[in-house]
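Student: Could you walk me through this one, starting with the fold and then going on to the nucleic acid?

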Protein chains: 2
Amino acid sequence: MIGDRIKELREKKGLTLTELADLAGVSKSYLSHIERKLQNNPSLQMLSKISVPLETKVQYLLTDQQAPKEDVFDEEWMALLHKAIEDGMSKEDFVRLSERIRMQ
Amino acid sequence: MIGDRIKELREKKGLTLTELADLAGVSKSYLSHIERKLQNNPSLQMLSKISVPLETKVQYLLTDQQAPKEDVFDEEWMALLHKAIEDGMSKEDFVRLSERIRMQ
DNA sequence: CTTTTTTGTTTTTTATAACGAACATAAGAA
DNA sequence: TTCTTATGTTCGTTATAAAAAACAAAAAAG
């Protein structure tokens with residue numbers, strides 16, 4: 001549910017509800033309602049505003065963290081992989097290092 | 001913009017505006033407004049309803065029409081990443097790992 | 001051709017998202 | 001202790017998302 005996701009990201013950033021509301025330019029009353037799921041139908045613009053101080057994208061607000069298997073390759077993963085490849089990571093590099101990390 | 005995206009997917013599926021509205025359970029008047037961008041602030045529930053007959057996800061409605069993810073990376077990359085994730089690699093792990101590769 | 005049905009648009013109305021202000025509660029400072 | 005100050009909640013209102021209905025234009029059927 002979107003309310004849980006927002007609260008989770010907000011607290012991960014160490015922001016209070018009031019702080020996030022101010023930074024995002026939305027009312028804290030409504031943010032409170034959303035987080036407690038008294039309302040759970042925010043608009044795109046609302047989500048877009050909130051995503052800025054949370055330093056994320058609207059899409060990521062919608063992905064729940066216990067992603068089902070088919071959802072493993074969400075947009076965020078794709079972005080990360082894309083950037084790594086651009087930075088010069090080869091498949092061999094990846095295999096080598098990921099195995100080493102797994103072993104330790 | 002979301003209206004263009006919806007119209008694009010609707011037409012790709014060969015659906016009329018009225019058909020999509022009926023299938024999704026939303027009013028055609030509002031759908032018309034959204035597609036023509038007279039309104040461009042739909043709610044999550046609205047997008048969720050529309051995503052069903054369009055056979056897509058809300059997240060994908062929000063992504064602009066770049067190449068779908070399957071086309072960006074090849075099968076081998078997908079398999080490698082999939083395996084690594086199954087072995088417990090988190091996004092944070094991946095970022096650390098790719099930074100190390102970049103540094104070497 | 002005329003009539004009917006399909007398409008999307010415009011208008012009007014209703015429901016509710018979202019706001020601002022008042023409020024409660026607790027934590028910290030005096 | 002009492003007085004602020006920071007936090008989130010509840011209340012009352014406003015703005016607007018979304019529906020329903022009426023409409024226009026075209027396409028298809030007769």
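Tutor: Read along the sequence, chain A runs α-α-α-α-α-α-α, with 7 helices and 0 strands (DSSP runs numbered from the N terminus, H or I of at least four residues for helices and E of at least two for strands). This is a predicted model, in which local features need pLDDT of at least 70 and side-chain atom pairs count only at pLDDT 80 or more, while totals for chains, interfaces and linings use all residues. Residues are numbered from 1 along each chain as its sequence is written, chains are lettered from A and ligands numbered from 1 in the order in which they are written, and side-chain values use heavy atoms, with hydrogens and water left out.

Student: How much of chain A is buried?

Tutor: Of the 104 residues in chain A, 43% are buried, where buried means under 20% relative accessible area, with a 1.4 Å probe and protein chains only. As for contacts (heavy atoms within 4.5 Å), among those in chain A between residues at least 6 apart in sequence, 51% join residues at least 24 apart.

Student: Switching to chain B, how do helix 1 and helix 3 pack?

Tutor: Helix 1 (residues 2–12) and helix 3 (residues 28–35) of chain B pack at an angle of about 115°, with their axes 7 Å apart; the axes are lines fitted to C-alpha atoms over the stretch in contact, and angles run from 0 to 180 degrees between N-to-C directions. That makes helix 1 of chain B roughly perpendicular to helix 3 of chain B, a term that covers 65 to 115 degrees.

Student: And which residues meet there?

Tutor: From helix 1 of chain B there are B:G3, B:I6, B:K7 and B:R10, and they meet B:L31, B:I34 and B:E35 in helix 3 of chain B. By class, this contact of the two helices has 3 nonpolar, 1 polar and 3 charged residues, with Ala, Val, Leu, Ile, Met, Phe, Trp, Tyr, Cys and Pro counted as nonpolar, Asp, Glu, Lys and Arg as charged, and the others, Gly among them, as polar.

Student: OK, on to the DNA: which residues come nearest to strand D?

Tutor: Of the 20 residues around DNA strand D, A:L17, A:S32, A:R36, B:Y30 and B:S43 come nearest, a residue being near if one of its heavy atoms lies within 4 Å. Sugar and phosphate account for 65% of the atoms of DNA strand D that come within 4 Å of the protein.

Student: Which backbone atoms lie by its phosphates?

Tutor: A polar backbone atom of A:L17 is 2.6 Å from a phosphate oxygen of DNA strand D, a backbone N or O atom of A:T18 lies 3.2 Å from one, and for a polar backbone atom of B:S27 the distance is 3.0 Å. In these polar contacts, the N or O atoms are within 3.5 Å of each other.

Student: Which helix gives the largest share of that surface?

Tutor: Helix 3 of chain A does, with 4 residues, and the surface near DNA strand D has 5 nonpolar, 11 polar and 4 charged residues.

Student: What about strand C, which residues are closest there?

Tutor: The closest of the 20 residues that surround DNA strand C are A:Y30, A:S43, B:L17, B:S32 and B:R36. Two of these have a side-chain N or O atom by a phosphate oxygen of DNA strand C, at 2.4 Å for A:S43 and 2.7 Å for B:R36, and a polar side-chain atom of A:Q39 lies 3.3 Å from a phosphate oxygen of that strand.

Student: And which helix gives the most there?

Tutor: Helix 3 of chain B gives the most to the surface near DNA strand C, with 4 residues.

Note on methods: Angles under 35 degrees count as roughly parallel, over 145 as roughly antiparallel, 65 to 115 as roughly perpendicular and the rest as oblique. A polar contact is a pair of N or O atoms within 3.5 Å; within protein, one must be able to donate a hydrogen and the other to accept it, and residues adjacent in sequence count only if both atoms are side-chain atoms. Buried means under 20% relative accessible area, exposed over 50%, partly exposed in between (1.4 Å probe, protein chains only).
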